[in-house]
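Student: I would like to learn how to read helix packing, loops and empty spaces in a protein model. Could we go through one example step by step?

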Amino acid sequence: MSEDTKIIGWNAPSNIALIKYWGKRDNQLPENGSLSLTLNKSTTSTFLTYKKKQTLENTISIEYYFHGERQLAFESKTERLLNSLKSQMPFLPDYDLIFHSSNTFPHSAGIASSASSMCALALCLVTMEENISANKLKTEDFFRRASIISRLGSGSASRSIYGGFVTWGKIPSLENSSDEYATPYPVDPGSRLNTIRDIILIVSSNEKNVSSSKGHALMNYHPYRDGRKIQANDNMLKIIEAIRKDDYKTLADTAENEALALHALLMTSEPDGLLLKPGTLSIIEEVRKYRRSTGTDLFFTIDAGPNVHLIYFEDQREEVLSFVQNNLVRFCEDGQWIDDCLGKGPERISNESFD
Ligand code: PMV
């Protein structure tokens with residue numbers, strides 16, 4: 001690599017929302033507040049190499065490689081994003097930009113890859129900005145700026161900037177909350193909530209027939225649009241209170257209500273988006289039956305797809321793993337599931353790990 005070529009690497013996690021962001025306005029601003037858990041193992045690593053162009057012109061020059069292969073669809077998406085960022089990051093057209101990224105989880109596994117990939121990309125861009133301007137931001141300002149840039153790539157990516165529980169969207173009772181960026185939602189260090197885990201049950205890995213951007217757009221004319229905002233705000237207040245009081249029953253009831261509300265909205269959109277599969281419903285029934293009969297603190301949540309996230313606590317891991325093996329794996333495509341847990345947020349990766 002030549003002297004004037006620089007490299008930056010970040011590893012960023014995906015996240016799973018308990019209060020769902022669904023519907024947006026203006027420049028990727030959310031119609032309602034959301035709250036998520038940042039994952040630990042489900043991550044994207046991205047390296048950005050940049051070199052000043054010989055001749056300056058105002059166009060974005062980029063190449064995007066995914067697991068070593070040029071990825072033209074993602075390249076065009078990233079190019080569009082970088083073009084839209086030119087007013088905020090005017091240095092972008094002055095450089096040749098090459099991205100190399102890889103995921104730890106399979107494609108279409110029900111894990112939001114746009115959250116981890118856009119988060120890693122934004123962190124690389126803000127680090128590049130810092131390097132070339134030689135203006136070192138305070139840590140808090142650095143991550144806030146990265147959250148804003150991530151949001152412009154994918155709304156949920158704004159939350160992946162922080163570890164643990166994270167909110168995004170203006171919530172009147174939460175000081176510092178904003179539609180522009182996410183904010184970490186601290187829980188008591190001794191709380192059992194810090195030991196939360198997520199088993200992702202892959203019911204189907206087929207490509208979804210409604211992308212999340214199409215889904216958000218369907219909310220613009222949805223007959224339940226206003227009702228959804230009221231519901232999401234009520235659920236946010238309930239879940240915040242449940243987290244504050246370590247009230248696992250309200251946490252479970254509210255998160256499940258949100259997952260089903262998201263799919264109810266999808267199913268009643270025009271055109272409708274029916275993304276749940278028979279296996280998804282069977283898992284829901286089994287989870288509820290198991291919770292009723294054992295009193296275990298576990299619950300499900302689902303993103304805009306058929307796969308189920310089973311949320312539970314470390315101290316009940318053994319019994320939950322047997323339940324998954326005995327009752328749920330049979331509904332998973334090729335028996336596939338992913339074992340994840342609450343994560344600490346993105347990490348800078350050393351240049352040496354780039355070969
Ligand atoms: O960030 P997007 O545009 O992929 O939208 C994410 C939407 C949901 O995953 C369904 C909910 C959420 O808050 O993550």
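Student: At what angle do H6 and helix H7 pack, and how far apart are their axes?

Tutor: Keep in mind that this is a predicted model. For any pair of helices, look at the angle and the axis distance together. Here H6 and helix H7 (residues 278–294) pack at an angle of about 170°, and their axes are 14 Å apart. Angles over 145 degrees count as roughly antiparallel, so H6 is roughly antiparallel to H7. The crossing of this pair, H6 and H7, is left-handed.

Student: What joins them, and where is Pro-271 found?

Tutor: Pro-271 sits in the loop between H6 and H7. When reading a loop, check the peptide bonds as well as the path of the chain. The bond from Glu-270 to Pro-271 is cis, and its omega is near 0°.

Student: How do helix H5 and helix H6 cross, and within what distance do their axes come?

Tutor: Read this pair in the same order: distance, angle, then handedness. The axes of helix H5 (residues 225–244) and helix H6 (residues 248–267) come within 9 Å and cross at roughly 160°. H5 and H6 are therefore roughly antiparallel to each other. H5 passes H6 in a left-handed crossing.

Student: Which term describes how H2 and H3 lie to each other?

Tutor: Start with the numbers again. Helix H2 (residues 113–133) packs with helix H3 (residues 139–153) at an angle of about 130°, and the axes are 8 Å apart. An angle of that kind falls outside the parallel, antiparallel and perpendicular ranges, so H2 and H3 are oblique to each other. H2 passes H3 in a right-handed crossing.

Student: Where is Ala-134 found, and what is its phi?

Tutor: Ala-134 is in the loop between H2 and H3. Its phi is near 55°, a positive value in a residue other than glycine.

Student: Now for the empty spaces. How many cavities of 30 Å³ or more are there?

Tutor: The count is 1 cavity of 30 Å³ or more. The largest cavity holds about 30 Å³ of space. To place a cavity, list the residues around it. The lining consists of Trp-22, Gly-23, Glu-31, Asn-32, Met-219, Arg-225, Arg-228 and Lys-229.

Student: Why does the largest cavity lie between domain 1 and domain 2?

Tutor: Domain 1 (6–186) and domain 2 (192–341) both contribute residues to the lining of the largest cavity, so that cavity lies between them. By class, the lining has 2 nonpolar, 2 polar and 4 charged residues.

Student: What is the volume of the second largest pocket, and which residues line it?

Tutor: The second largest pocket has a volume of about 150 Å³. Asn-11, Pro-13, Leu-39, Asn-40, Thr-43, Leu-342, Gly-343, Lys-344, Gly-345 and Glu-347 form its lining. The elements that give two or more residues to this lining are strand S1 (5–19) and strand S4 (34–52).

Student: Which element gives the largest share of that lining, and what are the classes?

Tutor: S4 gives the largest share of the lining of the second largest pocket, with 3 residues. By class, the lining of this pocket has 3 nonpolar, 5 polar and 2 charged residues.

Conventions:
Residues are numbered from 1 along each chain as its sequence is written. This is a predicted model: local features need pLDDT of at least 70, side-chain atom pairs count only at pLDDT 80 or more; totals for chains, interfaces and linings use all residues. Side-chain values use heavy atoms; hydrogens and water are left out. On a 1 Å grid over the protein atoms alone, a cavity is a set of points where a 1.4 Å probe fits but cannot get out, and a pocket is an open set with protein on both sides within 12 Å along at least five of seven lines; lining residues have an atom within 4 Å of a point. Grid points are joined across faces, edges and corners, and a volume is the space filled by probe spheres set on the points. Ala, Val, Leu, Ile, Met, Phe, Trp, Tyr, Cys and Pro count as nonpolar, Asp, Glu, Lys and Arg as charged, and the others, Gly among them, as polar. Domain bounds come from an automatic or database domain assignment. Axes are lines fitted to C-alpha atoms, for helices over the stretch in contact, and angles run from 0 to 180 degrees between N-to-C directions. Helices (H or I, at least four residues) and strands (E, at least two) are DSSP runs, numbered from the N terminus. Angles under 35 degrees count as roughly parallel, over 145 as roughly antiparallel, 65 to 115 as roughly perpendicular and the rest as oblique. A crossing is left-handed if the near helix is turned anticlockwise from the far one by less than a right angle, and right-handed if clockwise.
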